[in-house]
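Got a protein structure on your screen and not sure where to begin? Let's take a stroll through its inside, with a stop or two on the outside.

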Amino acid sequence: MTARRISVPPTAGLALRCADLRPWGDKRLDRALAAWLEVDEVLLECSGTSALVLALRTLQQWAPDRCEVVVPAYTCPLVALAVAQCGLQLRLCDLSPDCLDMDGDALDALLSHRTLALVPTHLGGRVADVARLLPRAQACGAYVIEDAAQALGARVHGRSVGLQGDIALFSLAVGKGLSTYEGG
Ligand SMILES: Cc1ncc(COP(=O)(O)O)c(C=O)c1O
């Protein structure tokens with residue numbers, strides 16, 4: 001008889017325990033997060049969406065002649081909202097048939113001199129293969145924003161997600177693994 005593999009869907013957040021309310025580490029959340037993520041500093045925003053708007057506005061200043069943002073066709077609608085808020089053009093990339101990553105061929109068809117950024121997204125407890133996208137982004141001169149809104153705490157080869165692209169965002173909204181109710 002073959003063993004059945006049981007797959008557990010990702011949780012919609014971790015239950016709060018009494019121990020979580022005890023003081024720990026640095027009182028400054030930004031410094032504690034920076035140390036945990038192993039980066040020099042992080043910028044705290046009121047939401048992940050706001051962090052994405054900030055990232056896009058920054059990139060718009062760096063590359064004002066580029067106006068398109070490529071995102072997975074299945075993602076959080078707030079991502080589309082952020083792109084629209086910046087007056088940028090959303091380009092939806094089909095997913096690979098076997099995972100939630102953007103499909104390589106579909107991505108190649110979308111990337112051009114108009115592409116400002118592509119947004120690999122760590123969705124539903126699964127880590128996107130960002131390394132696979134980096135040469136494609138580099139070849140067309142686009143930036144990579146890692147959408148790790150759902151993935152604070154996830155690690156790749158011992159390092160946090162979010163460190164492979166040019167910019168990363170995390171969400172601290174309710175329902176995320178680590179929450180301040182709203183935040184990013
Ligand atoms: C993939 C993804 N990107 C961005 C966001 C936006 O984050 P926030 O709700 O903190 O604005 C979310 C929120 O659920 C998300 O799931």
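Below is a short tour of the cores, the empty spaces, the cysteines and two single residues.

## Before we start

Keep in mind that this is a predicted model. That goes for each stop on the tour.

## The nonpolar cores

Start with the largest nonpolar core, which has 20 residues. The members that touch the most other members are Leu-52, Leu-56, Val-69, Leu-88, Leu-116, Ile-145 and Leu-169. Where do the residues of this core come from? At least two each are supplied by H2, strand E1 (68-72), helix H3 (77-85) and strand E3 (115-118). Helix H2 gives the most, with six residues.

Zoom in on Leu-52 for a moment. Setting aside its neighbours within four places in sequence, you'll find Leu-52 in contact with Val-79, Ala-82, Ile-145 and Leu-169. Apart from the largest core lies another one, of 14 residues, and its members include Val-70, Leu-110, Leu-133 and Ala-142.

## The second largest pocket

Now for some empty space. The second largest pocket holds about 560 Å³, and 24 residues line it. Nearest its centre are Val-42, Leu-43, Ile-167, Ala-168 and Leu-169. You've met Leu-169 already, in the largest nonpolar core.

Which elements build this lining? Helix H1 (29-37), helix H2 (48-62) and strand E7 (167-169) supply at least two residues each. H2 gives the most here, with five residues. Sort the lining by class and you get 17 nonpolar, four polar and three charged residues.

## A closed-off cavity

How many cavities of 30 Å³ or more does the structure hold? Just one. The largest cavity has about 60 Å³ of space. Its lining is made up of Pro-72, Leu-100, Asp-101, Met-102, Pro-120, Thr-121, Ala-128, Asp-129, Arg-132 and Leu-133. By class, that comes to six nonpolar, one polar and three charged residues. Leu-133 does double duty, as it is also a member of the 14-residue core.

## Cysteines without partners

How many disulfides are there? Zero. Take Cys-86, which is in no disulfide: the nearest cysteine sulfur belongs to Cys-67 and is 13 Å away. Cys-86 counts as buried because its relative accessible area is 9%, and the cut-off for buried is under 20%.

Why is Cys-140 not bonded to Cys-93? The sulfur of Cys-93 is the closest cysteine sulfur, but at 12 Å the gap is too far for a bond, because a disulfide needs the two sulfur atoms within 2.5 Å. Cys-140 is buried as well, with a relative accessible area of 16%.

## Two residues to compare

Is Leu-110 buried or exposed? Buried, with a relative accessible area of 12%. You can find Leu-110 in helix H4 (residues 104-110). Leaving out neighbours within four places in sequence, Leu-110 is in contact with Glu-68, Val-70, Arg-91, Leu-92, Cys-93 and Thr-115. Look at the pair Leu-110 and Leu-92: they sit 18 residues apart in sequence, while their C-alpha atoms are 8.5 Å apart in space.

Arg-22 tells another story. Arg-22 lies in the segment before H1 and is exposed, with a relative accessible area of 57%. From the C-alpha atom of Arg-22 to that of Asp-103 is 44 Å, and the two residues are 81 residues apart along the chain.

Key: Residues numbered from 1 in each chain as written. Predicted model: local features only at pLDDT ≥ 70, side-chain atom pairs only at ≥ 80, totals over all residues. Heavy atoms only, no water. 1 Å grid on protein atoms, 1.4 Å probe; cavity = no way out; pocket = protein on both sides within 12 Å on 5 of 7 lines; lining within 4 Å. Points joined across faces, edges and corners; volume = space filled by probe spheres on them. Helix = DSSP H or I, 4+ residues; strand = E, 2+ residues; numbered from the N terminus. Nonpolar A, V, L, I, M, F, W, Y, C, P; charged D, E, K, R; others polar. Core = buried A, V, L, I, M, F, W, Y, C linked by side-chain atoms within 4.5 Å. Buried < 20%, exposed > 50% of the residue type's maximum accessible area, 1.4 Å probe, protein only. Contact = heavy atoms within 4.5 Å.
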